[in-house]
Amino acid sequence: MKKYFSFFKIRFIHGLQYRAAAYAGIATQFAWGGLTLLMFAAFYKTGASSFPMTFPELSSYIWLQQAFLALFMTWYFDNDIMNSIVTGNIAYELCRPIDLYVMWFLKNMAVRSSRAVLRCFPVLIIAFCLPEPFNMSLPKTFSSGFLFLLSVIMGFMVLTAFNMLVYITMFYTVSPMGIRILAVSLLEFLTGAIIPIPFFPEGLKKVLLLLPFGSMQNTPFLIYNGYLSGPEIGQGLLLQTGWLLGLTVLGYLYMKKALLRTTVQGG
Amino acid sequence: MKLYFKYAAILLKSQMQYKASFFMTMIGQFLVSFSVFLGLYFMFQRFPSVEGFTYSEVLLCFAVMLTAFSLAECFVRGFDMFSVIISNGEFDRMMVRPQNAVLQVLASRIEFTRVGRLLQAIVVFVYAVPKSGVLWTWDKILTVLFMITGGFFVFSGLFVIYASFCFFTTEGLEFMNILTDGGREFGKFPFSIYGEKVLKFFTYIVPLALFQYYPFLYLIGRSDSLFHMLLPLLSILFLVPANLFWKFGLRHYKSTGS
Amino acid sequence: MHQVGGFAKKEIDGWNGVMIELTNICKTFKIAKRNAGFKEAVKALFDREYSYIKALDHVSFQVNDGEMIGYIGPNGAGKSSTIKIMSGILVPDEGECIINGRVPWKDRIRHVREIGVVFGQRSQLWWDVPVIDSFELLKDIYKINPKVFRKNLEDLTERLDIGEILRTPVRLLSLGQRMRCEIAASFLHNPKILFLDEPTIGLDAVSKIAIREFIKSMNKEQGTTVILTTHDMQDIEALTERILLIGKGRILLDGALSELKKRNDTFKKLTVDYVGKEILPIPGMTVVESVAGHAKLTVDTRICSVSAAISRLSEQVEIKDLSVSGATAEEMVVALYKEFSI
């Protein structure tokens with residue numbers, strides 16, 4: 001955990017230094033969220049009855065998505081890690097007295113969370129102040145707010161665990177960049193970053209919710225805006241825990257195998 | 001121009017050195033925009049139309065936008081990567097060569113894998129053209145060509161502006177994404193659906209709507225004003241301020257060297 | 001007409017012989033301060049402090065046509081700013097710069113057609129394609145006449161011995177091979193002036209010597225004016241007769257390398273193996289190190305002659321072996337940096 005905090009601190013201070021980047025990032029996310037909402041509003045006008053959730057619920061969902069973008073963005077892959085895979089410098093990493101899986105996992109989390117902490121508050125504050133129905137609303141109950149926080153952390157870790165699998169797959173391929181783009185486009189769509197999962201056709205929606213993709217940004221945001229309630233929340237959290245355990249164990253073993261391969265081959 | 005093609009040939013040659021990677025990336029590019037298409041498809045499964053535009057009409061709009069963007073991205077990509085070109089000293093190298101700097105930047109990064117996105121655009125076109133219900137007379141065909149040309153130049157202008165900012169700072173350029181990637185992403189729908197203010201912004205400030213919304217109205221028969229049809233040509237003028245800004249940035253670079 | 005140097009040309013066609021002329025060039029950079037620490041970082045988010053750095057402070061010098069000069073100074077002294085100004089990339093705040101009859105930044109494209117620039121640490125060749133492809137592209141960039149190109153290519157290939165590697169992609173070349181190709185690339189268009197920025201950095205001895213020989217011969221035969229910046233004093237010693245020393249943005253010294261040597265001749269180095277107790281120096285002698293019968297001393301000949309120092313030594317200890325040497329170029333530069341405290 002100490003490692004995590006020192007990674008976090010370095011990245012956080014680093015992030016603070018880029019003032020213009022922070023402002024620009026917030027402005028961009030705000031504009032992006034706004035346009036997305038306006039687009040959904042246009043659809044809402046044509047057919048409110050076909051809307052899977054209420055408009056205020058959607059507003060909260062979109063603003064959460066923007067505020068916590070750094071946690072769930074699919075296109076971020078750590079450059080150091082990518083480089084060590086691409087150039088085959090992975091052998092050096094093995095010399096360090098830390099478990100590689102744990103270190104990469106923590107590093108990824110630290111980078112994302114430090115960025116999210118820097119950026120989420122301004123977006124949230126502005127979003128709360130917007131006129132209805134485009135504003136962000138408070139969670140319906142105190143407990144759903146609490147469960148949301150819990151679920152954000154879980155979802156974040158599920159995504160990181162999934163990304164670890166992507167990193168490790170890069171060992172085995174001639175085209176790490178290609179794998180990366182494939183993973184990004186797949187994740188982007190299936191996690192609900194393009195359109196929220198409730199807008200998907202029923203059959204596909206059911207499948208996605210059971211897969212790890214539904215356990216990333218989807219679960220926490222739907223807990224917050226009240227789309228999920230009662231036992232559904234419990235189910236969501238349980239599924240998240242299951243996937244987190246499953247994916248980390250899988251990743252850990254997969255990594256061991258991959259490293260064994262590189263050592264056997266002499267790097 | 002001849003020089004540009006020489007550059008293109010040499011870049012193609014070097015990208016082909018890694019064939020597997022090249023095709024994987026291309027497929028990836030294809031899938032990225034395919035997922036956008038799927039998103040569109042799912043939305044229209046739920047809703048018959050949006051602001052009076054039908055699914056096939058929106059698809060047409062999406063295809064035009066994607067074509068214009070991917071062409072610009074493929075050939076003007078150098079500007080998109082300009083911060084790297086500056087920070088690794090490549091730009092200094094270009095400046096000590098007796099050729100126009102703009103040409104060299106353009107030619108330095110031609111990403112042929114972007115063809116994947118273009119491919120997606122063509123697929124959508126093939127799908128949307130017969131479905132759209134547009135009677136494809138010569139003026140409609142011309143309109144589509146105008147739209148793509150205008151779009152190519154406006155996006156190129158945006159890339160140039162983006163690059164010019166790099167002369168001053170390499171941080172905080174994210175906000176330009178809302179105009180480039182955002183333009184592509186949100187431009188799959190006619191800009192009018194976002195409300196009047198957004199439409200005005202994209203008409204008078206960043207003229208994305210000039211090659212999208214207005215000629216699109218002409219294309220689907222909602223307007224028969226020739227003016228609307230010719231507006232994409234006007235949007236090409238966007239290159240003028242873009243070019244001025246580039247020159248301004250270059251002068252700054254020459255005086256600070258950073 | 002194979003005569004070299006400005007002097008000869010002057011006699012022939014009244015050319016005044018000055019290729020490069022800088023007069024009172026000044027350049028100041030504004031730099032945002034970045035302090036370490038969390039508190040400072042937060043503060044900088046709202047209020048940023050700037051500092052101004054005078055990179056060039058009234059820099060003036062002249063270089064004659066066909067001359068080869070070494071431009072030296074510690075990192076950050078202003079070397080690269082000067083090179084950038086001379087190659088038209090940077091515009092100075094004040095001062096004049098005339099190169100080959102032109103102001104570089106006012107007429108960039110025509111200016112750079114006649115210069116060549118080699119950055120030792122950056123490549124001008126395309127990484128993934130054979131060397132010859134890069135050369136062909138340069139031919140188009142510089143609009144080199146095909147006949148001239150062919151002739152130059154043949155000539156350079158032979159001189160630099162790169163015939164066998166022309167068809168190899170750059171990424172597969174060794175550093176030495178690559179550097180030879182880089183240098184060839186910058187001579188394809190017959191530049192009148194060549195700026196070399198650390199051309200031998202990281203090279204092995206054989207490649208270094210090959211490159212030095214080549215540059216020397218091009219300077220002799222083609223009369224190319226060469227400005228060489230380097231930290232490698234062997235480069236300077238092998239190639240240039242004149243050096244320019246810059247420090248903190250000012251030209252501190254402009255003179256012949258031999259002059260500099262003479263200036264530093266007042267210092268001699270004595271290395272002595274001896275049996276005996278401690279060495280007690282007389283004024284003008286300094287013991288640099290002394291370990292178990294082996295000592296290094298410097299002698300300032302203005303105060304104490306070498307023979308006086310030796311006789312002093314022989315009085316005190318029994319000398320087994322003794323050698324006297326002058327300062328190397330490396331040591332001279334260190335002495336210079338110390339002298340000007342840069």
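Helices here are DSSP runs of H or I with at least four residues, and strands are DSSP runs of E with at least two. With that in hand, welcome to the tour; please keep in mind that this is a predicted model.

**Stop 1: chain B**

Select chain B and colour it by secondary structure. You should find 15 helices and two strands. The radius of gyration of chain B is 19 Å, close to the 18 Å that the globule rule gives for 258 residues, so chain B is as compact as a globular protein of that length. Rotate the C-alpha trace of chain B to see its extent along the principal axes, about 55 × 40 × 35 Å.

Now show the surface. Chain B exposes about 9,900 Å², with 70% of that supplied by carbon and sulfur atoms, while 63% of its 258 residues count as buried. If you colour the charged side chains, you will meet 21 positive and 14 negative ones in chain B, and the centres of these two sets are 8 Å apart.

**Stop 2: Phe216(B)**

Stay in chain B and pick helix H13, residues 213-219, where Phe216(B) lies. Is Phe216(B) buried or exposed? Its relative accessible area is 0%, and since buried means under 20%, Phe216(B) is buried.

Which residues surround it? Setting aside neighbours within four places in sequence, Phe216(B) is in contact with Phe53(B), Glu57(B), Leu60(B), Cys61(B), Met147(B) and Pro190(B). Take one of these partners, Pro190(B), and check the C-alpha to C-alpha distance: 7.8 Å in space, for two residues 26 apart in sequence.

**Stop 3: chain A**

Next, select chain A. Its secondary structure comes to 12 helices and zero strands. The radius of gyration of chain A is 19 Å, and the globule rule gives 18 Å for 267 residues; the two values are close, so chain A is as compact as a globular protein of that length. The C-alpha trace of chain A spans about 60 × 45 × 35 Å along its principal axes.

Of the 267 residues in chain A, 53% count as buried. Its exposed area is about 11,700 Å², and carbon and sulfur atoms supply 71% of this. Among contacts in chain A with a separation of 6 or more, 81% come from residues 24 or more positions apart.

Zoom in on Pro133(A), in the loop between helix H7 (100-129) and helix H8 (142-171) of chain A. The peptide bond that joins Glu132(A) to Pro133(A) is cis, with omega about 0°.

**Stop 4: where chains A and B meet**

Show both chains together. Here 39 residues of chain A are in contact with 35 residues of chain B. The two chains bury about 3,300 Å² between them, 76% of it on carbon and sulfur atoms. Which three residues of chain A should you highlight? Choose Trp32(A), Leu35(A) and Phe43(A): they supply 20% of the area that chain A buries against chain B, more than any other three residues.

**Stop 5: two loops in chain C**

Finish with chain C. Find Lys143(C) in the loop between helix H5 (131-141) and helix H6 (146-160). Lys143(C) is not a glycine, yet has a positive phi of about 50°. With a relative accessible area of 59%, Lys143(C) is exposed.

Then move to Asn190(C), in the loop between helix H7 (175-187) and strand S6 (193-197) of chain C. Phi of Asn190(C) is also positive, near 50°, in a residue other than glycine. Asn190(C) counts as partly exposed, at 38% relative accessibility.

Conventions. Residues are numbered from 1 along each chain as its sequence is written. Chains are lettered from A and ligands numbered from 1 in the order in which they are written. This is a predicted model: local features need pLDDT of at least 70, side-chain atom pairs count only at pLDDT 80 or more; totals for chains, interfaces and linings use all residues. Side-chain values use heavy atoms; hydrogens and water are left out. The radius of gyration is taken over C-alpha atoms; the globule rule is 2.2 Å times the number of residues to the power 0.38. Buried means under 20% relative accessible area, exposed over 50%, partly exposed in between (1.4 Å probe, protein chains only). Contact means heavy atoms within 4.5 Å. Accessible areas come from the Shrake-Rupley method with a 1.4 Å probe; for residues, only the protein chains shown count as cover. Buried area is the accessible area (1.4 Å probe) that two parts lose on being put together, summed over both. Lys and Arg count as positive and Asp and Glu as negative; His and the chain ends are not counted. The place of a charge is taken as NZ of Lys, CZ of Arg, CG of Asp or CD of Glu.
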